[in-house]
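Me: I am new to this structure. Please take a close look at a single strand, explain how it sits among its neighbours, and then say how the rest is put together.

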Amino acid sequence: MSTAAAAAPLTWQAFKSDYKPIWCPGCGDYSVLASVTKAFAMLELLPENVAVVSGIGCSSRIPAYTNCYGFHGVHGRALAAGTGLKIARPDLTVLVAGGDGDGYSIGGNHFLHACRRNVDLTYVVMDNHVYGMTKGQPSPTTEPDWSSKLSPGGTGLRTFHPLVIALAAGANFIARAFSGDPNDTAQILAEAIRTPGFSFVEILSPCVTFCPEQREWKSLVRPAPVAATDDPVRAARRILTDDGFNIGVLYKGGRKPYQPLLGRATKRLADLEAEFAI
Amino acid sequence: MSKRMRKPKRKSRSTGWEDFLARAWAMEIEAAERYASFADAMDQHNNREAAELFRKLARIEQLHADQLLEENPSKRAPVLPPGGLRWDGGEGPETAAPSELHYRMQPYHALQIALACEKKANKFFAGYASRTADAKVRKAAREMAEEEAEHVRLIEDWLKRTPVPEKDWQHDPDPPLVSD
């Protein structure tokens, strides 16, 4: 955590903007928004010291719905933007957010290297196993036999396993949460933000429009039966053998975050602007 | 939330007057906020009838919260933790889950959600009354439980006056998932 307020802490409602979310009724992302704002409030942050960075997709609308600084970036490039911001402004709390398509497909390469770099930021993926904004195409986490009008008979492709990939690539904190339990998710997010280094929180967030069967996730999720480990081998075994519905902090390492020494700026903003002028 | 997801009840929970008031007030406020957000979501999807009903429910819950403060000698709102209160079972007993919504839902469905929430609230206060050792809190919790039971009856009556949706209420002639 980078900053803390000296005055009375703000309530979680103070971190919400006046914009009304335009997600589908029943979407899990509403609860994720509540969890994110609750985590900020729990940590007694101030909106002006927090940046929420996203890519493209339904869940990537989230910066607009918070009262913090926000950057709604290019598809799959949220982590690149977030990393740059955190390196340049280490005093800020940076939370990068998006969906499974944005993070694991278009932004898959950035995901790997963000884990490897271990910059002190938190990455939240609202995973609903589908591209919702573009009307229901299969994503990297879609089950191989998920049949829809756009993928008759299913893709037949093995699913991407983000948690174990994050672990192998070097993420320092790995957790799984469920949008249907916003208060526990807020606790997990607060712990992720508080933990130095790259924290990855995958939140199962149902898309009730294109995958109505995900309403059943609420009866499948359960707290992880064991506490978080700092042993990556043990963590890998647990993550690989669970069914994807164990909720909680699954791995918490002690790797030092990457933060290069900042040099002096050689150019002013106006110089850069002139350079890019057409 | 599944039964398996529920956490064991905390043994050392405070059952004093302050805790009771904070929980009773927070429960109503959280419910009011949630219904208001449901109304916004329904407005976004042009489901005016459901939006109107959720807004009405939000106003009712806010009224209950205001009444609680009015009856409290200090008249001051309890100070809650910045991230909100922690509840057994995730959220407040009267807070409806966003996953219950559907963009084509009708007032009848909204009332069913409200009915389930009022029943949970009744159960919560009845349980609180049975656990506390404080006579003042017990009396207040019993009163609240009775009040919530009255709300259950009111909503059941409301449901009787509300048209029951047709079987295919979810059918959308212009569905979101299409491939031409």
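Reply: Two strands count as paired if DSSP finds at least two bridges between them. The model is predicted, and the part to look at is strand S1 (50-54) of chain A.

S1(A) and S2(A) run parallel and are joined by four bridges. Within this pairing, A:Ala51 has A:Tyr69 in S2(A) as its bridge partner. S1(A) also pairs with S3(A), again in the parallel sense, over five bridges. There A:Ser54 is opposite A:Ala97 of S3(A).

Next come the side chains. In a regular strand they alternate between the two faces of the sheet. In S1(A), A:Val50, A:Val52 and A:Ser54 point one way, while A:Ala51 and A:Val53 point the other way. Residues of both sets are buried. Because five of the five residues of S1(A) are buried, the strand is largely enclosed by the rest of the structure.

The wider setting of S1(A) is an open sheet of eight strands in chain A, with mixed pairing and the order S2-S1-S3-S4-S8-S7-S10-S9. Strands S2 (69-72) and S9 (222-223) of chain A are at its edges; each has a single partner strand, so one side of each lacks a neighbour in the sheet. Helix H2 (residues 78-88) of chain A packs on this sheet and touches S1, S2, S3 (93-99) and S4 (122-127) of chain A. The direction of H2(A) makes about 180 degrees with that of S3(A).

Elsewhere in the sheet there is an antiparallel pair: strand S7 (residues 173-178) and strand S10 (residues 246-252) of chain A, joined by four bridges. In that pair, A:Ile174 is bridged to A:Tyr251 of S10(A).

Chain A also meets a second chain: 37 of its residues are in contact with 26 residues of chain B. On the chain A side, helix H1 (29-42), helix H6 (182-194), helix H7 (217-220) and strand S9 each supply at least two residues. H1(A) gives the most, with five residues.

Chain B has four helices and zero strands, following the pattern α-α-α-α along its sequence. Of its 180 residues, 37% are buried. Among its contacts between residues at least 6 apart in sequence, 77% join residues at least 24 apart.

Helix H3 (residues 107-131) of chain B shows how these helices fit together. Its 25 residues should span 36 Å at 1.5 Å a residue, and its end C-alpha atoms are 36 Å apart, which agrees. The buried residues of H3(B) include B:Ile113, B:Cys117, B:Glu118, B:Phe124, B:Phe125 and B:Tyr128. The buried residues of this helix pack against H1 (17-44), H2 (48-71) and H4 (135-160) of chain B.

As for H2(B) and H3(B), their axes are 8 Å apart and they pack at an angle of about 30 degrees. The two helices are therefore roughly parallel to each other, the cut-off being an angle under 35 degrees. Their crossing is right-handed. Where they meet, B:Glu49, B:Ala50, B:Leu53, B:Phe54 and B:Leu57 come from H2(B), and B:Pro107, B:Ala110 and B:Ala114 from H3(B).

Definitions and conventions
Residues are numbered from 1 along each chain as its sequence is written. Chains are lettered from A and ligands numbered from 1 in the order in which they are written. This is a predicted model: local features need pLDDT of at least 70, side-chain atom pairs count only at pLDDT 80 or more; totals for chains, interfaces and linings use all residues. Two residues are in contact if their C-beta atoms, placed from the backbone, lie within 7 Å. Axes are lines fitted to C-alpha atoms, for helices over the stretch in contact, and angles run from 0 to 180 degrees between N-to-C directions. The expected span of a helix is 1.5 Å times one less than its number of residues. A residue is buried if 20 or more other C-beta atoms lie within 10 Å of its own, exposed if 12 or fewer, and partly exposed in between; C-beta atoms are placed from the backbone. Angles under 35 degrees count as roughly parallel, over 145 as roughly antiparallel, 65 to 115 as roughly perpendicular and the rest as oblique. A crossing is left-handed if the near helix is turned anticlockwise from the far one by less than a right angle, and right-handed if clockwise.
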